[in-house]
Amino acid sequence: MSKSLPYSVKDIHYDNAKFRHRSPLKVLSQSLLTLNTKRNCASCSTGKFLILILVFGLVCLMLMSKSPNDSALNEKGKVTFVGGLRLGRLLRKPPRLPPRLSPDEGQLRGSSTNGSTISISDPKWAARQQSVKDAFDHAWSGYRKYAMGYDELMPISQKGVDGLGGLGATVVDALDTAMIMGLDNIVSEAGSWVETHLLERISQKGQVNLFETTIRVLGGLLSAYHLSGGEQGTMNMTHNGPKPAIYLNIAKDLADRLLTAFTSSPTSVPFCDVILRESTAHPAPGGASSTAEAASVQLEFNYLSAISGDPKYSTEAMKVLAHIKTLPKTEGLVPIYISPQTGEFVGENIRLGSRGDSYYEYLIKVWLQQGAKFNSNFTYLHDMYIEAMKGVRHLLVRNSIPKGLVFVGELPYGSKGEFSPKMDHLVCFLPGTLALGATKGLTKEQALKENLLSFEDLENLKLAEDLAKTCFEMYEVTATGLAPEIAYFHTNEYSEDGLEGGNKSSMYANDIIIKHADRHNLLRPETVESLFVLYRITKDTKYRDQGWQIFEAFEKYTKVKSGGYTSLDDVTEVPPHRRDKMETFFLGETLKYLYLLFGDDSVIPLDKFVFNTEAHPLPIRNT
């Protein structure tokens, strides 16, 4: 929001009152008071004629007062017509009324000529958004020069590497980010590669992971389909690249092969690996699938069914969540492994970090996607989410010492085992998910005004803000200003000396413990994702400020001059040792969320879209 102008809503109320028409009764009484001074004139013919004119004018005023509005302006600002004549204009020129909204409100709610919402951005944030856009362009330029068609860029070695099955994952992951940013040249380059090469790659490649391929490649194709105008009457953010049907046809071909992970399994739980060229699937070594992976493909398969008209994708994917509903849980919390052979959970390890995280995220997001207001068939997902968040608050939330940061720990041996004060950076998805689950994408102010927040929602929103603070402090406590992959927290039961983050000026230097093996940074998006969601919902500008601080640290320590950005080995040392890897999610998620954080709320509104766990926006059903 721009800085407030010296013009308030009180001013508007005053000015509107100041320019309001007097009632005919007041006009008549005023005329009678002055009539005595003109009694002599009334006795002459000229005086009688003037009285007739006065009476005629009063009648006109009385006719105009029968308009539904109190003033001569109707709701659209037009002069009220009486008997087909613009009497208001005949009698006098109406005063120019001030705006009905304050300037700040008008900028946020203004409409362009085509009906879309626009905003006059604060120049500071517009400039910062442009900086993120430039960073994306720099990242893409390195990838295009040295790794085009490979899954990922090694920016220091200036070469590409295939670590995700060889489907050009960075191209597809970055495509909708380029669309949202309006980088038409990159949309054209990426879209052309997809159209020319991806279908052939899918038919020839071997083993891929069901989850990673679904969230990055399938999700990226489906988002590109929507944002390029694939659904009639919806948005079209770009006129570059292939026609939307190209993205849809490739998505269907890929999904048909991925479906074998479901249809090959003896239970509702899919196998985790697929051989694309053979359309076959098999379990992971050891047999178990990650709970998060099996339960985090539903947004994508649901949307594909909606736009293709074929229910098979949604049917298979939703069987997983319906099955998990029937399994025993610990206050809504589930172990991080599940067996496709038996359909049962494996082990007792409970955490919201790796292998557990997006299970909880998709509970609420699938419910929202499927039309929470219109579809009671999926209420069980909301119930499971609410129960799980109660379990998180009761079993996993603790406070550090000495300063009392709120964090989410782990139960490696179940609820009866020892608590671990370990928190992955991945857990920093949770503040955004909690906030989204509380307001369903509305602003907090709007949700409160419409009395939509339950006590449970308010508790979750408070926890979201507390956890977001902790996630930011995981950055602030290090020498580089970038978070480690994993942090531990000092508690009454757990403490280790000599493992600080390197920023001795941080007030939380003694609360956060960073072990040597956990000090790397992979350019992850989870914290800036939550900052984005919380800013949209609370409108608290501190989340923007924190996002900018994180972006500046990325620019300072991870940018590679020849093109691209690199992960780091140790965030507690300056200068940090560089790891030589640019993950696809840096373009697909991290920079996308930062760009949206600094931009206007009307771009991908949270009550109209859900982001999959790779930040690909998919539309919410409205019927």
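Good morning. I shall begin with an open sheet of three strands, ordered 11-12-13 and paired in antiparallel fashion. I should say at once that this is a predicted model. Strand 11, at 422–424, and strand 13, at 512–513, are the edge strands, each pairing on one side only.

As general background, the strands of a sheet pair through backbone hydrogen bonds, in either a parallel or an antiparallel manner. Here, strand 11 and strand 12, the latter comprising residues 486–489, run antiparallel and are joined by three bridges. One residue pair may serve to locate this on the screen: Met423 has Ala487 in strand 12 as its bridge partner.

Which helix packs on the sheet? It is helix 20, residues 455–476, which touches strand 11, strand 12 and strand 13. The direction of helix 20 makes about 110° with that of strand 12.

I turn now to a pair of helices. Two packed helices are described by the angle between their axes and the distance between the axes. For helix 18 (residues 430–439) and helix 21 (residues 526–538), the axes come within 7 Å and cross at roughly 30°. Because angles under 35 degrees count as roughly parallel, helix 18 is roughly parallel to helix 21. The crossing of these two helices is left-handed.

Which residues make the contact? Helix 18 contributes Leu430, Pro431, Gly432, Ala435, Leu436 and Thr439. From helix 21 come Ser530, Val533, Leu534 and Ile537. By character, the residues of this contact between helix 18 and helix 21 divide into seven nonpolar and three polar, with no charged residue.

Thank you.

Terms used:
Residues numbered from 1 in each chain as written. Predicted model: local features only at pLDDT ≥ 70, side-chain atom pairs only at ≥ 80, totals over all residues. Heavy atoms only, no water. Pairing = 2+ DSSP bridges. Helix = DSSP H or I, 4+ residues; strand = E, 2+ residues; numbered from the N terminus. Contact = heavy atoms within 4.5 Å. Axes fitted to C-alpha atoms, helices over the stretch in contact; angles between N-to-C directions. Parallel < 35°, antiparallel > 145°, perpendicular 65-115°, else oblique. Left-handed = near helix turned anticlockwise from the far one by under 90°. Nonpolar A, V, L, I, M, F, W, Y, C, P; charged D, E, K, R; others polar.
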